[in-house]
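Here are some exercises to work through with the viewer open. Try each task yourself, then read the solution step by step.

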Amino acid sequence: MKIFKAPTLSVIDGDAVLHEARTLIAKKLDQPSRRAFLQRSLTLGGLSLLTGCSISDNAQVEAALTKISRFNDKVQGLIFSPTQLAPTYTEAEITRPFPFNAYYGEDEVREVDEASYKLEVTGMVADKHAWTLAELRAMPQHDQITRHICVEGWSAIGKWGGVRFADFLRHIGADLTAKYVGFKCADDYYTSIDMPTALHPQTLLTLTYDGQPLPPKYGFPMKLRMPTKLGYKNPKHIKAMFVTNTYTGGYWEDQGYNWFGGS
Ligand SMILES: Nc1nc2c(c(=O)[nH]1)N[C@H]1C(S)=C(S)[C@@H](COP(=O)(O)O)O[C@H]1N2
Ligand SMILES: [Mo]
């Protein structure tokens, strides 16, 4: 089980909103199976990410619930919009300090050696050479200030910079008709994402946090940042990626978290 670390910053009173949300759902849906599923699987983070609402009062909870129309990965994939952008924020709105999270504590953060680091690239790609950090830094860089939402009940706004993942995938001649991109991390973490999300303009192969090289705790040397997906879909310390048609799941996904995990 994941140890709950008390969030220093949460959008609002998560428990109260969730209670409210579940009660409303129970009233709205009269199919018992669907109701039971939602009561088990709905989280505050999921609700706010999926609907784009900040869920800070009852009216917003109500509005958010009426927008919920996705009950599984297939439906979520079908309604994913490749062009719809997640909200962006100003420098002044950045959450400081930005929270750390992993399946272990901050004292166990993995240290990856910069000099020997290479990103392995395999699977359905034309160019399978492994990338040094210098090579990744030489590609066109972009910044984004977006909100990270963790299913444990906190969210925070941060600034990340790096290479647009779509640019990278095109550069390496990835088969863009493949279903998935999978990631292996320097800890035991792994995850995989759908190709439409991989190609989304805000999906960033991230090398910096707040204008500085990613510190170890936020995923040095590289993480994948997707403001359209929940926190657990954003792998830190990536050491290998592969393009594939074979479903490979993820660390939390294989323990029951929703695989699509986004909007
Ligand atoms: N390699 C790795 N990536 C990971 C995790 C992890 O444990 N290991 N945890 C995920 C979860 S649940 C969250 S909320 C975010 C936290 O990122 P942060 O430390 O930058 O806030 O990392 C995600 N990516
Ligand atoms: Mo998370």
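Helices (H or I, at least four residues) and strands (E, at least two) are DSSP runs, numbered from the N terminus. This is a predicted model, where local features need pLDDT of at least 70 and side-chain atom pairs count only at pLDDT 80 or more, while totals for chains, interfaces and linings use all residues. Residues are numbered from 1 along each chain as its sequence is written, chains are lettered from A and ligands numbered from 1 in the order in which they are written, and side-chain values use heavy atoms, with hydrogens and water left out.

**Exercise 1. Two neighbours in a loop**

Task: find where Asp127 and Ala126 sit, and work out whether each is buried, partly exposed or exposed.

Solution. Start with the location: Asp127 belongs to the loop between S1 and H6. Ala126 is in the loop between S1 and helix H6 (133–137).

Next, the cut-offs: buried means under 20% relative accessible area, exposed over 50%, and partly exposed in between (1.4 Å probe, protein chains only). Asp127 has 28% relative accessibility, so it counts as partly exposed. Ala126 has 68%, so that residue counts as exposed.

Finally, look for partners far along the chain. The C-alpha atoms of Asp127 and Ile172 are 5.0 Å apart, with their positions 45 residues apart along the chain. For Ala126 and Asp175, 49 residues apart along the chain, the C-alpha separation is 8.0 Å.

**Exercise 2. Around Gly219**

Task: which C-alpha distances link Gly219 to Val109 and to Leu207?

Solution. Take Val109 to begin with. You'll find Val109 in the loop between helix H5 (73–79) and strand S1 (120–123). Its relative accessible area is 14%, so Val109 is buried. Val109 and Gly219 are 110 residues apart along the chain, yet their C-alpha atoms are separated by 8.7 Å.

Now Leu207, which lies in strand S6. With a relative accessible area of 4%, Leu207 is buried. The C-alpha atoms of Leu207 and Gly219 are 8.8 Å apart, and the two residues are twelve apart along the chain.

**Exercise 3. Backbone oddities**

Task: pick out cis peptide bonds and positive phi values, and place each one.

Solution. A bit of background: most residues other than glycine have a negative phi, and most peptide bonds are trans.

- Arg96 to Pro97 is a cis peptide bond, with omega near -5°. Pro97 is in the loop between H5 and S1.
- Phe220 and Pro221 are also joined by a cis peptide bond, with omega about 5°. Pro221 sits in the loop between strand S7 (212–213) and strand S8 (223–225).
- Asp210 isn't a glycine, but its phi is positive, about 55°. Asp210 is in the loop between strand S6 (204–209) and S7, and its 26% relative accessibility makes it partly exposed.
- His237 isn't a glycine either, and its phi is near 50°. His237 is in the loop between S8 and strand S9 (238–244), and at 1% relative accessible area it is buried.

**Exercise 4. A lysine in a strand**

Task: what does the side chain of Lys159 contact?

Solution. Lys159 is in strand S3 (residues 154–164). Its relative accessibility is 13%, so Lys159 counts as buried. The side chain of Lys159 makes a polar contact with the side chain of Glu91, at 2.7 Å. (A polar contact is a pair of N or O atoms within 3.5 Å; within protein, one must be able to donate a hydrogen and the other to accept it, and residues adjacent in sequence count only if both atoms are side-chain atoms.)

**Exercise 5. The ligand shell**

Task: which residues come nearest to ligand 1, and how does its shell divide?

Solution. There are 22 residues around ligand 1, and Pro99, Asn101, Asp187, Asn234 and Lys236 come nearest. (A residue is near a molecule if one of its heavy atoms lies within 4 Å of it.) The shell divides into twelve nonpolar, five polar and five charged residues. (Ala, Val, Leu, Ile, Met, Phe, Trp, Tyr, Cys and Pro count as nonpolar, Asp, Glu, Lys and Arg as charged, and the others, Gly among them, as polar.)

Now list some atom pairs. A polar side-chain atom of Lys236 is 2.6 Å from an oxygen atom of ligand 1. A backbone N or O atom of Asn234 is 2.8 Å from a nitrogen atom of ligand 1. For Tyr103, a backbone N or O atom is 3.0 Å from an oxygen atom of ligand 1.
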